[in-house]
Each structure stands twice: as C-alpha cells, then as structure tokens.
Amino acid sequence: MERLEQAQAVLKKYFGYHEFRPGQEDIITSLLQGRDTLALMPTGAGKSICFQVPALLLPGVTLVVSPLISLMKDQVDGLNNQGIPATYINSALSAAEVRHRLYEISAGKHKLVYIAPERLETDSFQSVLRRLDIGLIAIDEAHCVSQWGHDFRPSFRNIKPFIDQLPVRPVIGAFTATATAEVKSDIMTLLSLRHPDVYVTGFDRPNLSFAVLRGENKQKFILNYLQTHSRQAGIIYASTRKEVDSLYELLHKRGIAVGRYHAGLSDEERAVQQERFLYDDIRVMVATNAFGMGIDKSNVRYVLHYNMPKNMEAYYQEAGRSGRDGEPGECILLFGAQDVLLQKFLIDKSVENPERKLHELRKLQQMVDYCHTPECLRQYILRYFSEETAGGECGNCGNCDHDGEMIDMTVDAQKIFSCIYRMRERFGVAVIADVLKGSKNKKVQQLRLDELPTYGLFSQYTVQDIKTMIQRLVATQYLTLTEGEYPVVKLTPLAYAVLKSEAAVWQKQSRQKQVEVADDLFEVLRQLRKRIADREKVPPYVVFADSTLRELSQQKPQDRDGLRQIKGIGELKLQRYGTEFLEAIRSHLNQSELAEQAASEPAGQKTKGKKPAKKNAETASHLLTLALYQQGLELEQVAAERGLTVATVQNHLTRCSSEGHAVDWDRLIPPLYENLIVAVIQKIGCQALRPIKDALPEEVGYEVIKAVIGKHFSQPQSAG
Ligand code: ADP
Ligand code: ZN
C-alpha cells in the first residue's frame with residue numbers, strides 16, 4: 001500500500017512516531033481514499049493525527065472545524081513547531097489579522113486551517129473559502145451537532161449548509177469521543193456524511209488505572225495523594241463551584257501549586273488559570289466539569305473525582321484526560337453517598353421533559369452501579385460503551401487489585417447497626433456518629449440519646465472516622481439514605497442479617513499505590529523543557545510530551561541518531577532542540593559518573609571530614625531505593641527502575657541502615673558464608689573493603705560484604 005507508506009513516512013518525519021496506534025491507520029486510509037469517515041475514539045486515543053496526516057498528503061487545504069477556540073492557538077503552535085504550516089481563524093483575532101490570514105490561506109501557505117463553526121455563517125468568509133481548493137474537512141468534537149450529546153452547539157448546524165454550497169465537495173471526516181447510538185446517527189445526518197465508513201477504535205485505555213474509593217475521608221485522601229505525587233500534574237473534579245472553591249482554599253493554604261476553574265470565574269480568570277496549568281506553572285487544577293473539553297495537555301498523570309459525575313460518559317471523558325501521552329494515568333473516583341442525591345437533585349431541577357428525565361436517571365444509576373460493582377472496572381466501562389470484551393480481569397483497576405487487604409469489620413458494623421436500630425432509624429449520619437462517639441452536644445442530650453446502650457461505644461475514634469465508617473456501609477448497601485434535604489439512615493435487610501450474625505462484613509482497605517519514583521535525569525530534562533517552553537511561549541508539552549522525556553531519560557541517547565529513535569522527536573524538533581537535550585543528557589551522565597565513582601571508592605580512602613556537597617539532594621533518593629528494595633525487588637531491578645548502578649543502590653541501603661531504617665540484609669547474604677565473613681571482618685576491621693575481599697573465597701562479591709557490614713557492623717547514628 002503506497003498510500004500507507006507515505007502516511008507512515010509523514011508520521012515519522014513530522015510527528016516523530018514510529019507506528020500508528022490501533023484504528024488510526026484505517027481512518028487515515030479511508031480519508032485518503034476519499035471516503036467520508038466517522039471516527040469514534042476515546043479521549044487520548046489520538047484523533048488529531050487522523051486528520052493531520054491526511055492533511056499533509058491530500059492536495060489543497062484541510063479545514064478543521066473545532067468548537068475549542070481557546071485551544072486553537074496551542075494546537076496551531078504545536079503543528080508549526082513540528083514544521084507543519086497551519087493557522088487558525090477565530091473571534092480572538094482582530095479584523096486586520098483575519099484578513100491577513102485569509103490572504104495567506106488563499107496564497108496556499110497553509111495545509112491546515114482551524115476555524116470556529118460560527119465563522120461559517122459570515123458571507124465574506126464563505127466567499128473566500130469557496131475559492132479555495134479544500135481537500136478535507138475535519139469536524140472535531142462532532143457530537144456538538146447533536147442535542148443528545150452533552151455539548152450541543154447550535155453553530156454546528158451551520159456546517160451542513162456550508163458544505164452543500166461548496167463548488168467541489170471535499171472529503172468529510174467527523175471525530176468524536178461520544179459513541180451513543182443517538183449521537184452517532186445525528187452526526188451522520190446533520191453533518192451530511194455520505195455513506196461514511198464508521199470506525200470505533202477501542203475504548204479501552206490500557207495505560208489508565210481505575211479505582212473507586214468509598215467512604216474515604218476525601219480531603220485527607222487528597223492531601224495525602226498530592227504529597228505522594230508532588231511532581232506530577234493532575235486534575236481534581238468536583239461537582240459544584242462551592243466545593244471547588246473550598247478545596248482550592250484548602251490546598252492553596254498548604255502551599256500546593258494549585259489552580260481552580262469553574263463557570264463562576266470571569267473569562268479572563270479562567271483563561272489565566274487554564275494557561276498556568278498548561279504551562280506547568282501549577283500542577284493541580286481543581287475544577288468543575290466546565291474545565292475540560294479540549295484540555296490538550298498530554299501529561300496529566302491523574303484525574304481524581306472528588307464527587308461522582310452524572311453519568312459514565314462524563315466520567316470516562318473526564319478521567320480520560322489523564323495519560324493522553326500513553327504514559328500511566330491514574331483515575332480515582334471518591335464516592336460519597338451524598339453525590340447521588342446531588343446529581344438527582346440537579347437532574348430534577350434541570351431536565352423538564354419526563355422522558356429525558358428518566359433517561360438521565362437511568363444513566364445516573366449506571367454510574368452509581370459502577371461505583372459499587374465488585375467486578376473489574378475496566379470490563380464494566382467497556383461493556384457500558386457496548387464494546388465486546390474478552391471478559392476476565394484487567395489487573396489494573398481497584399477491583400482487580402488483590403493487594404488491598406480485606407479486613408473483617410463485622411463487629412464494628414454490628415455496633416453501628418444496633419445504634420441505628422435503637423435510634424429507630426430516624427436520624428442522619430452526623431447524629432449517629434455523635435452518639436457512637438459519646439458526644440455531649442445539646443441535641444444528643446435533649447433527645448436523651450446519651451441513655452442508649454450504644455452511646456460512646458466508639459469513643460476511641462474521631463467523629464469524622466465514624467462518619468466515614470457509616471458512609472462506607474451506605475456505599476456497600478448495608479445502609480441506605482432517604483432522599484430529601486436531610487437524609488435519614490435506614491437499615492437494609494443485609495444489615496439485619498449482620499445483626500443476627502448471619503452475615504459478616506469484609507471491607508477492602510484502600511491503599512495508595514504508584515509511589516512516585518524520583519528520576520533525576522527526567523527532572524533535569526523537564527526543567528530544560530520548561531525553560532525552552534517559556535522562551536518560545538508555548539506550553540511545555542508542545543516542546544516534548546512526558547513520554548518523550550521519559551524515553552530520553554531511560555535511553556539516554558548520546559547523538560542525533562539516538563534521538564531519532566525516541567518517540568515524539570521528528571526532524572524539525574531534532575533540529576530545534578536536539579543539541580540542548582543532548583548536552584543536558586551528557587552533562588548529567590558525567591555528573592552521575594563522578595558521583596558514583598566517589599560513592600564506590602572504598603570507605604577508607606574517602607576524604608576525611610569533608611561532607612559530600614550533594615548530600616541533601618540525595619536524602620529522598622536513598623529512601624526511595626529502600627522502598628523499592630523492601631517491595632522485594634532485586635538489587636539489579638531496583639537499579640534499573642531508578643536508573644542507578646547496583647553499587648549506588650547498595651550505598652543507598654547502607655546509608656538507610658546507618659540512619660536507623662530497617663534493611664532486610666539477609667536477602668543478600670548467603671547463609672553459608674555469613675559467619676566466615678563476620679569472622680574476617682572482626683579480624684581485620686571494615687575500614688577498607690579490598691582486604692576483606694582478598695581474605696575471602698573468590699565467589700564472595702562486594703555486595704555480600706557490604707551487606708554483612710550493614711547487618712553486623714553498622715551503628716545507627718542518632719538522627720541529626
Ligand atoms: P485525542 O484523541 O484526545 O484528540 P490527541 O490527538 O490529542 O488525542 O492525541 C493524544 C496523544 O497521543 C498526543 O500526545 C499525541 O501526540 C499522541 N499520539 C497520537 N498518535 C500517536 C502515535 N501513533 N504514536 C504515539 N503517540 C501518538
Ligand atoms: Zn480490572
């Protein structure tokens with residue numbers, strides 16, 4: 001297939017990618033063969049390439065109709081930065097600038113032109129476009145044409161009449177991440193696609209992990225999470241402006257580089273916040289769902305949902321904003337029973353048509369089910385988007401993750417249920433928690449709830465912890481909440497079974513995984529990227545994606561050919577940034593070599609008195625090494641994971657041990673030799689390693705000797 005080969009060459013040259021992702025190839029081939037095409041791809045699957053590559057191969061210009069005005073500049077900057085002639089026209093430009101660009105376009109200067117659909121109404125604009133040789137019209141976010149979608153935009157209804165009046169009909173490609181049947185058929189008819197090829201690329205995003213946490217103390221969880229993910233960018237979605245504001249305040253007070261985004265802020269403020277996030281000036285964005293469509297930032301590493309969204313489409317789209325670069329992304333939904341009530345309330349308030357209301361409520365229920373299903377979350381998602389699945393477990397979601405420890409909560413649950421029972425199922429979570437805690441507040445005393453035998457049963461817990469326990473039992477359907485402004489807690493038949501000791505309550509302890517692994521070179525490259533981005537006034541990911549930096553820091557290429565092998569480095573970027581990145585890698589390698597030489601010098605020869613200057617920077621590093629080692633990784637594996645040599649890894653462990661951290665040295669010491677080595681060291685001391693090694697059988701390596709010293713001869717120093 002000649003066409004396909006050309007497409008692959010373009011992919012390599014301009015985008016620096018070596019192969020198409022699943023689906024991209026078919027869509028591109030279809031467009032190149034002149035067939036209208038509808039592509040349904042989840043966020044992050046790589047839609048843009050599907051029209052950008054054909055744009056470079058087809059004659060004439062490609063019009064990209066996009067509702068995302070705020071993004072056009074970044075997208076076009078990104079393309080220009082890859083050596084692709086592109087421009088955009090939207091309401092943000094002055095009339096003079098628009099004229100200038102139209103002139104450039106008619107002169108054939110651009111291969112891609114991004115336009116807002118509103119433009120298609122203006123006659124003057126239409127007359128210019130009619131004279132152009134348009135090879136392809138790509139309609140991004142095509143679901144905006146449908147009232148059934150979640151972002152109906154009336155201006156999308158201009159597209160069809162516009163196409164109909166063109167002298168020559170170009171190929172039409174429509175792209176969306178929303179795949180419901182209603183939306184699909186609307187797109188086909190309302191955008192006048194002609195017998196389109198329809199491609200649904202896998203909705204699976206294998207690099208994303210999914211988890212639902214129920215009954216968690218949300219604020220505590222988030223603070224903790226941000227602490228363990230301090231170098232990564234992420235989004236936290238909350239349902240209401242109020243919640244966004246208060247969470248924002250909380251994080252801001254803790255000194256976290258956080259921004260916020262919701263419809264209550266001025267346009268200007270929102271633009272500033274969004275830009276700071278895109279440019280990596282802030283690393284966490286707390287936002288309502290107003291923040292979203294078209295956040296083109298590819299290095300979002302996690303999306304946390306502080307509240308449950310209204311349906312699975314919304315959830316998957318929002319969560320899908322993580323890991324667009326194909327690197328791991330973590331999607332955690334913090335479920336609280338109140339979220340359901342809030343969403344019901346919102347539907348009730350905002351949807352009038354009874355049929356529509358029912359439709360929305362059904363979707364909400366499916367969202368709630370997602371939060372409670374014990375099966376693989378990925379399977380659930382894929383089935384929801386009516387995708388055939390192989391079944392089984394993905395191994396990368398909260399429900400497939402069997403590491404979380406199950407604990408028996410039966411006794412505590414019985415205490416809670418019996419308290420609720422004795423309170424005649426007439427109170428809300430707060431009062432029940434007060435009674436269990438043994439609170440002396442007025443309400444409890446007035447109602448003489450302090451005379452109940454369950455009063456004060458949980459005096460050892462905090463009120464918040466007790467509330468959390470109750471909410472967890474609601475989420476797992478032992479308890480239910482009544483609807484209304486003041487929800488009352490009721491026992492379900494399940495709870496009665498537990499009270500009668502006919503059933504037990506087991507709950508999985510949530511745990512936090514994915515500890516951030518410090519990678520010094522990655523950090524160096526990230527800072528270089530930020531400097532370049534600031535210099536060129538583009539967002540950092542326009543320079544290089546995270547995945548590209550990650551590959552650079554792992555492969556450590558030393559010349560241009562090495563750089564060419566890295567995903568995301570096309571010819572133009574190689575020319576532009578190659579030298580700087582090569583230099584950064586080289587100087588990092590030199591430095592770490594020096595550091596390692598110093599570290600692996602036998603102890604006795606170390607310069608006395610002088611402390612190594614790098615000490616502070618290394619503090620976290622040696623503890624990270626220990627953490628990996630304690631997870632059961634071999635020394636070599638830890639070294640590979642951390643990009644260090646085995647010798648450095650072992651020096652880290654020695655240091656941990658001398659600082660009083662427990663290190664399991666036995667894993668490194670063959671029992672057969674242990675006593676012998678101890679005896680040798682007792683005789684000749686451990687000032688220098690070489691004499692010890694010489695006094696031992698040849699097969700005893702330095703690692704073993706160092707381990708024995710760590711185990712038997714290192715004195716924990718008092719912390720200082
Ligand atoms: P979306 O489908 O959400 O519009 P994008 O087009 O923004 O997704 O692509 C998401 C990310 O995946 C971008 O960083 C893009 O450069 C990258 N990408 C797309 N196609 C490929 C490919 N064939 N190989 C590697 N990365 C790719
Ligand atoms: Zn799973």
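# Strands, rings and cores

Biologist: In which sense do β10 and β11 pair, and over how many bridges?
Modeller: The model is a predicted one, and in it the bridge partner of V258 is V284, a residue of β11. Taken as a whole, β10 and β11 pair in the parallel sense, and the number of bridges is four.

Biologist: Which strands stand at the edges of the open sheet, each with a single partner strand?
Modeller: The open sheet is formed by six strands, with parallel pairing, in the order β8-β13-β12-β9-β11-β10. From one strand to the next, the twist averages 15°. Two of the strands have a single partner strand each, so that one side of each is left without a neighbour in the sheet, and these edge strands are β8 (208-214) and β10.

Biologist: Are the rings of Y261 and F291 stacked, tilted or edge-to-face?
Modeller: There are 13 aromatic pairs in the count. In the pair of Y261 and F291 the ring centres are 4.9 Å apart and the planes stand at 55°; since stacked requires under 30 degrees and edge-to-face over 60, the pair is tilted.

Biologist: How many residues apart in sequence are the parts that the pair of Y261 and F291 ties together?
Modeller: Both Y261 and F291 are buried. Y261 belongs to strand β10 (residues 258-261), while F291 is in the loop between β11 (284-287) and β12 (300-305), so the pair ties together parts whose separation in sequence is 30 residues.

Biologist: Is T288 buried or exposed?
Modeller: T288 has its place in the loop between β11 and β12. Not counting neighbours within four places in sequence, T288 is in contact with Y237, A238, S239, T240, R241, V244, Y261, H262 and A263. Its relative accessibility is 7%, and because the limit for this class is under 20%, T288 counts as buried.

Biologist: Over the ring of which residue does the charged end of R667 sit?
Modeller: A lysine offers one case of a residue over a ring, as K297 lies over the face of F277 at 5.0 Å from the ring centre. For R667, the charged end is 4.0 Å from the centre of the ring over which it sits, and that ring belongs to Y629.

Biologist: Which helix gives the most to the largest nonpolar core?
Modeller: In soluble globular proteins, nonpolar side chains tend to be buried together. The largest nonpolar core here holds 67 residues, of which V53, L112, Y114, I137, I139, I187 and L191 touch the most other members. The helix that gives the most to this core provides six residues, and it is α3 (residues 47-57).

Biologist: How many residues are in the other core, the one with M409, I470, V474 and V489 among them?
Modeller: Within the largest core, I137 is one of the residues that touch the most other members, and beyond its neighbours within four places in sequence I137 is in contact with L63, V65, F162, I163, L166, P170, V171, I172 and G173. Another core lies apart from this largest one, and M409, I470, V474 and V489 are among its members, whose number is 31.

Biologist: What is the relative accessible area of R424?
Modeller: R424 has a positive phi of about 60°, although it is not a glycine. R424 is found in the loop between α16 (410-422) and α17 (429-437). R424 is exposed, and its relative accessible area is 61%.

Biologist: Does S501 count as buried or exposed?
Modeller: S501, too, is a residue other than glycine with a positive phi, near 60°, and its place is the loop between α20 (493-499) and β17 (506-508). The relative accessibility of S501 is 57%; because the limit for this class is over 50%, S501 counts as exposed.

Biologist: How far apart in space are L4 and D26, C-alpha to C-alpha?
Modeller: L4 is found in helix α1 (residues 2-15) and, at 18% relative accessibility, counts as buried. Not counting residues up to four places away in sequence, L4 touches E25 and T29. L4 and D26 are 22 residues apart in sequence, and their C-alpha to C-alpha distance is 9.5 Å.

Biologist: What share of the residues of the chain count as buried?
Modeller: The chain has 31 helices and 17 strands, and its C-alpha trace spans about 95 × 75 × 45 Å along its principal axes. Of the 720 residues of the chain, the share that count as buried is 52%.

Terms used. Residues are numbered from 1 along each chain as its sequence is written. Chains are lettered from A and ligands numbered from 1 in the order in which they are written. This is a predicted model: local features need pLDDT of at least 70, side-chain atom pairs count only at pLDDT 80 or more; totals for chains, interfaces and linings use all residues. Side-chain values use heavy atoms; hydrogens and water are left out. Rings of Phe, Tyr and Trp (its six-membered ring) pair if their centres lie within 6.5 Å; planes under 30 degrees apart count as stacked, over 60 as edge-to-face and the rest as tilted. Buried means under 20% relative accessible area, exposed over 50%, partly exposed in between (1.4 Å probe, protein chains only). A charge sits over a ring if NZ of Lys or CZ of Arg is within 6 Å of the ring centre and within 35 degrees of the ring normal. A nonpolar core is a set of buried Ala, Val, Leu, Ile, Met, Phe, Trp, Tyr and Cys residues joined through side-chain atoms within 4.5 Å. Contact means heavy atoms within 4.5 Å. Two strands pair if DSSP finds at least two bridges between them. Axes are lines fitted to C-alpha atoms, for helices over the stretch in contact, and angles run from 0 to 180 degrees between N-to-C directions.
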